Each structure stands twice: as C-alpha cells, then as structure tokens.
Amino acid sequence: MVTASNDESYDMKVLICWSHISGYMAACWRALAASGVDLSIVAFKTDAPNSGTQAAFKDDVVAGLNVRLLSPDEKDDAKLILDHAIKLGPDVIVVPGWFHEPYRALVNAAPLSNVKFVMTMDTPWQGTVRQFLAAVKLKSYLGRMSAVVVAGERAWQYAKHLGVPEGKILRGVYGFDAHPLENLLEQRKSTAWPRRFLFVGRYVDDKAINVLLAGYKEYRQISKEAWPLVCCGQGPHRNEILAAEGASDIGFVQPGELPRVLLEHGAFVIVSRYEPWGVAIAEAQYSGLPVICTEACGASVELVRHRASGLLVPTEDAASLARAMLWMEQNPDQLPAMGEIGKSLAKPFASEFWARRWKQKLEEILS
C-alpha cells in the first residue's frame with residue numbers, strides 16, 4: 001500500500017510496457033501482482049506470424065494477468081497505446097529502454113504528466129562512440145525517469161555512463177520461475193548424472209550457433225565417449241544443428257515442458273557472442289546444472305563462477321569450448337557440487353525476490 005498526502009492509502013497502480021511476452025517475465029509479473037500491486041501490462045504477442053522474434057511463447061503464459069497483448073499490426077499504433085495508458089490511470093509506467101517509439105512517446109504525453117516513469121535496460125556497456133553519444137541524445141528522456149532498472153553489472157555501467165545517478169539505478173530487470181525447478185537437482189543426484197549437453201535459446205547469429213557447433217565437433221574428435229548435444233529453440237540456423245553429428249533439435253520448449261528437459265541433461269552450454277544477460281543461464285543453474293558460457297554473456301558476471309558453478313570460455317573460441325565440454329565429460333563427480341553452487345547463485349533472481357526488489361523501489365518512488 002502507498003500512503004497518499006491526505007493520509008489515505010491505496011494500491012499503487014503500475015503499467016508495465018514490454019516487448020515480447022515470455023514465461024519467465026510472466027512469473028515475475030504474477031509475483032508482483034500477488035504482492036498487492038495493481039498491475040497492468042502491455043506487451044507484444046510472440047505466438048503470431050511476423051512477430052519479429054524467434055521465441056514463440058503462447059498467449060497462455062500470461063493467463064491470469066491483466067495484459068493487453070499487441071498484435072504485430074498494433075504494436076506500432078502510438079494512439080492505441082496512449083489511449084490504453086490513459087484509461088488505466090497508472091501511478092507508474094515502466095518503459096523498456098528507448099527502442100520502441102510508441103512507448104517512448106508516453107514519457108512526454110501531456111495527459112501523463114503526473115505519472116512517474118521507470119525505464120528498464122539490459123544493454124551492456126561496450127564503450128562505443130554510439131554509446132558515448134547516447135548520453136547527450138537521451139538526456140531529456142532519462143531526466144523524466146524516477147528510476148532505471150538494469151539487467152546486471154554491465155548494464156549498470158552503461159546507465160552510469162548515461163549520467164543516471166547511482167541512487168536511481170536498481171539491478172534486476174529479469175527473473176525466472178523458480179518453483180517448477182526447485183527439486184530438479186535432488187532428482188538428478190538420486191540417479192546416474194545425465195550425460196547430455198543442453199542448449200536453450202534462439203537459433204540466431206547472436207547466440208553464435210556456428211561456434212557452438214564448431215566447438216562441439218572438435219569436442220567429439222577429442223572425446224572417447226562424447227555426450228550428445230540437445231538444442232531447444234527455433235530460428236534460421238536450425239538446419240545447421242540438424243546436420244551436425246551428435247546434435248539434435250527438439251524445437252521451442254514452452255515453460256511447462258522446461259523442467260523435464262532440464263532434468264534430463266547434465267550440463268548447460270551457451271556461447272553467445274552478444275547476450276545482454278541470459279535468463280536461460282539462471283534457469284539452468286537453479287535446476288542444478290553446471291554451465292559453460294562465454295564471457296560475452298551478461299549473466300556470467302552475477303551467476304557463473306569459474307570452476308565453481310561452471311566454466312567460462314572466451315567468446316568466439318571453439319577450441320576452448322571443446323576443452324570445456326571435455327572437462328565436463330571427464331569430471332562427472334564434480335558436477336553435482338557445481339550444481340549446488342550454481343543454484344545458490346541463481347536464487348536471488350527467482351520471481352519472488354524480483355517482486356520484492358521492484359515493489360520496494362516503486363514504493364520509494366511514490367513516497
């Protein structure tokens with residue numbers, strides 16, 4: 001509850017404007033709504049032709065939430081989005097960065113002049129000329145923000161370079177649904193540790209599918225008992241996965257199917273060349289899987305401790321990936337302990353903790 005100036009109390013009304021829906025964010029939103037926040041969401045459909053994403057979460061992942069799903073034809077309709085926001089009458093509006101013009105336009109809309117704004121961002125600081133110039137270009141826009149919520153340390157550094165005061169920055173854009181994954185580590189430990197690698201993600205260039213398959217091929221050449229590689233997702237590089245010896249594709253996995261898939265594998269692999277954070281890493285670690293990931297993955301800063309919860313490998317380095325996969329294969333006795341450490345590192349990003357952080361920050365803004 002938020003206390004108003006007339007000493008009456010009311011549920012804070014929050015509108016989250018988001019890009020494409022996902023199972024993990026839906027879990028976070030449910031936790032926030034359950035905490036007493038009057039929550040509304042506007043987001044893009046993913047399970048639609050021309051959705052603009054390789055993810056395909058079905059609409060029912062947001063069942064029970066107050067969500068206005070925008071079709072590909074509606075997501076660029078600035079008037080529709082503004083009218084919907086005005087009708088809801090929120091105290092706070094959350095906008096996802098500055099990439100989508102109809103969302104960005106809400107910040108300076110006269111009917112919303114009394115609304116507080118919060119911006120989320122996951123873009124990592126890379127020190128490019130474009131990022132340096134962004135501090136000037138976005139100065140007015142950022143000045144309207146009561147808070148900026150970042151994905152992790154690398155995005156925190158970018159927010160600082162943009163001139164956002166530390167007191168306005170909160171870590172934790174992303175979270176995940178921990179409850180279905182809670183007992184997977186114990187179940188995996190109760191039987192022979194599975195001898196299979198797992199990749200979950202879009203089959204796109206950012207995920208470096210070519211490096212993943214090249215490293216896996218080299219691993220098979222130096223291994224005597226190579227583990228199979230199972231890939232979950234969809235995208236333009238699917239045929240390359242199907243053509244790789246020892247690799248298989250089981251398609252896009254809906255949230256309800258993910259625990260079973262995680263349980264059946266012994267290590268998680270993701271070698272992205274660009275990964276602002278990586279919720280899949282948190283989900284894998286909370287399920288008790290040791291992780292192999294590249295330094296480019298933003299979540300590696302918060303989640304992956306080398307030789308403790310997983311193995312870090314250089315970006316774009318197939319040979320290092322091959323050696324890491326071989327180490328996992330040859331040290332199965334160490335994998336359960338790595339899973340324990342990884343689970344503890346991932347726990348703070350569970351949806352219940354996500355909701356606590358967000359609610360506290362929202363209360364601070366409105367007080």
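Let's begin with a term for helix pairs: angles under 35 degrees count as roughly parallel, over 145 as roughly antiparallel, 65 to 115 as roughly perpendicular, and the rest as oblique. What you're looking at is a predicted model, where local features need pLDDT of at least 70, side-chain atom pairs count only at pLDDT 80 or more, and totals for chains, interfaces and linings use all residues. Residues are numbered from 1 along each chain as its sequence is written, and side-chain values use heavy atoms, leaving out hydrogens and water.

Take helix 8 (residues 209–222) and helix 13 (residues 318–330) as a pair; helices here are DSSP runs of H or I with at least four residues, strands are runs of E with at least two, and both are numbered from the N terminus. Their axes come within 8 Å and cross at roughly 55°, the axes being lines fitted to C-alpha atoms over the stretch in contact, with angles from 0 to 180 degrees between N-to-C directions. Helix 8 and helix 13 are therefore oblique to each other. On the helix 8 side, the contact (heavy atoms within 4.5 Å) includes V211, L212 and Y219, while helix 13 brings in, among them, M325, L326 and E329. Sorted by class, this contact has 12 nonpolar, 1 polar and 2 charged residues. For that sorting, Ala, Val, Leu, Ile, Met, Phe, Trp, Tyr, Cys and Pro are nonpolar, Asp, Glu, Lys and Arg are charged, and the others, Gly among them, are polar.

Now find helix 11 (residues 279–286) and helix 14 (residues 335–346), which pack at an angle of about 125° with axes 7 Å apart. That angle makes helix 11 oblique to helix 14. Here A282, Q285 and Y286 of helix 11 meet G339, G342, K343, L345 and A346 of helix 14. The residues of this contact split into 4 nonpolar, 3 polar and 1 charged.

Back toward the start of the chain, helix 1 (residues 23–34) has 12 residues and reaches 17 Å from first C-alpha to last, close to the 16 Å expected at 1.5 Å a residue; that expectation is 1.5 Å times one less than the number of residues. Among its buried residues are M25, C28, W29 and L32, where buried means under 20% relative accessible area, exposed over 50%, and partly exposed in between (1.4 Å probe, protein chains only). Their cover includes strand 3 (13–20), strand 4 (38–44) and helix 15 (351–366). Just past helix 1, G36 takes a positive phi of about 110°.

Last stop: Y103, in helix 3 (residues 101–104). At 1% relative accessibility, Y103 counts as buried. Its contacts include C17, W18, F44 and P96, setting aside residues up to four places away in sequence.
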